[in-house]
Amino acid sequence: MRIPRRQLSFCLSLFSLEFSYPVSPRNFLGVPKGIHTLRLNRSCAIGAMGENLGTVMKDKRTHSLDVQQPCIWSSSVECNIDIGKQIFCNRSLNMKNIVAVGFDMDYTLAQYKPETFESLAYEGTIRKLVYDLAYSEELLNWSFDWKYMVRGLVLDKRRGNILKMDRHKYVKVAYHGFKELSKDDKVETYGSTLVRDSFDEPDYALIDTLFSLAEAYLFAQLVDFKDNNPDKVPEDVDYARMYKDVRAAVDMCHRDGTLKQMVAKDPKRFINVDTSIVPLLKMLRDSGRSTFLVTNSLWDYTNVVMNFLCTSSAPDGDQKCNLDWLQYFDVVITGSAKPGFFHEDNRANLFGVEPKSGMLLNTDNGSPLPQVGNTSEASSPTKVDKSCKVFQGGNVMHLHKLLQIESSSQVLYVGDHIYGDILRSKKALGWRTMLVVPELGREVELLWELRKTRKQLQLLRNDRDAIEDKIHHLKWSLKFEDVEADEKERLSAELHQLESEQERVRLSHQNALRDCHRQFHGVWGQLMKTGYQNSRFAHQVERFACLYSSQVTNLSLYSPDKYYRPSEDFMPHEFASST
């Protein structure tokens, strides 16, 4: 019988500039020395704890941290959780209340390799622009830097600008193509209007999914190309038209199957192997929960990808395409057309899918309808796994009926798309949500490594405030107080000295802050921050994701009955009163 581990909770601030921790970030959840405390701010890293699962994996083996034998919570060996694999909590979530756990596929269960997959998408889009939309053949010589763009950016389609904003929608970093805009240009363009811009469609495009990074990079290239070669771009093709053409080219790549055919030929080249996927699914199902898959990909591609992910997780790693992976799901819905799938008024028909042939079958809200007329044996549907139902289309009401969901709060859905997966399922339905942020793993580790630098930044900021306050006081004295000539001369000299010191500290602080952000990304800085404010992307994560983590399989490191709790919320006046 498995002995439950002693409960251990641990809170980590991703965003506070002041926190300390006495042990190594690589191994600090496994240290049995009691509860360690940190300075808190908004986000809580949850330690490995929970109640007895009650069931033990049938194929239990001795696990280690190597890739062949993934360490999971239900294994006989206790796992240490690296800082980059923790699950962070924005909103309390008691897994005991969850009866069904659902997953998106692309960039959630299937983590694509950006250096190959995004490059493939970029090259396919270039060819469509040249051969289908009559762009210059010079584009065929362009190359793609898959590390340049990040999620959370906003494209100004009308002006050809790429923006990074804080949570209040103030533009903090802006580029025109690949040329950085000065502070004056940013203020003139986005900060000197009587009515604030909403930065939404149709004039703006949100880069809120990893699929969009290649098209954002190509848009920046086209902006520079138009500016530098006006004779090679028709006069009626403006920046907005170029973005529209890029989107059309991307859609053409998806419609003609170019990308998916290449992935299907060699999945290992484009998709990361994660040996924890099958153990995670088994653990969830052994705990009595239903599991489901809802993806916009159609059945043929879904079958290829899921077969690769699950067979790569098997002990023998058999790569032969089969349908064994269906045993890990109660319901699979392909071609779901999210986010429309989450709308209750969506009237899309739900079709059954015969897994072996891929044939679509008519259903009555998920119940098979009898076939009319004679059907040959070749086309006659056969069930591979009676416990798993495969469908295409439909809407969330169909899914609730298939899973016998009584309350939307009983569902936890894991996805990577802040709008298509998380915002709509949370806002429209009240599902509990977990956002997969692959970039988070490296970001959290860097936050740990730069903790001293961030402390120094706070001290520089305090120095700026103190000097500025002294300058204001001296100016007030010189302007309104009756002082003698000698005293006035002394105060003026002191004021001049303070103003020089203010400029020196300002530049030191500004450069140090910029250098700190460049440790995360040379152009856009920290993903979850813009200066000292949370970025717009971080604000959306905080609002709509109950949990967030770097990988979906990080769930396997925690009890399926875990109670995730956030840290206490703090307002600025509470910090001031505690220091």
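Modeller: Let's start with cysteine 546, which is buried, at a relative accessible area of 0%. Bear in mind that this is a predicted model.

Colleague: Okay, how far is the sulfur of cysteine 546 from the closest cysteine sulfur?

Modeller: The idea is that two cysteine sulfurs count as a disulfide when they lie within 2.5 Å. Here the closest cysteine sulfur belongs to cysteine 89, and it sits 7.7 Å from that of cysteine 546, so the gap is too far for a bond.

Colleague: And how many disulfides does a search of the whole structure find?

Modeller: It comes back with 0 disulfides. While we're on cysteines, cysteine 310 is also buried, with a relative accessible area of 6%.

Colleague: Next up, backbone angles. What should I expect for phi and for peptide bonds?

Modeller: In general, most residues other than glycine have a negative phi, and most peptide bonds are trans.

Colleague: Then which peptide bonds are cis here?

Modeller: One runs from glutamate 201 to proline 202, with omega near 10 degrees. That proline 202 falls in the loop between α2 (183-190) and β9 (204-207). Another links lysine 338 to proline 339, with omega near 5 degrees, and proline 339 lies in the loop between β11 (331-334) and β12 (350-353).

Colleague: What about phenylalanine 199, what is its phi?

Modeller: Positive, about 60 degrees, although it is not a glycine. Phenylalanine 199 is in the loop between α2 and β9, and it is buried, with a relative accessible area of 2%.

Colleague: Is lysine 169 buried or exposed, or in between?

Modeller: Partly exposed, at 26% relative accessible area. Lysine 169 has a positive phi near 65 degrees and sits in the loop between β6 (161-165) and β7 (171-176).

Technical notes. Residues numbered from 1 in each chain as written. Predicted model: local features only at pLDDT ≥ 70, side-chain atom pairs only at ≥ 80, totals over all residues. Heavy atoms only, no water. Buried < 20%, exposed > 50% of the residue type's maximum accessible area, 1.4 Å probe, protein only. Helix = DSSP H or I, 4+ residues; strand = E, 2+ residues; numbered from the N terminus.
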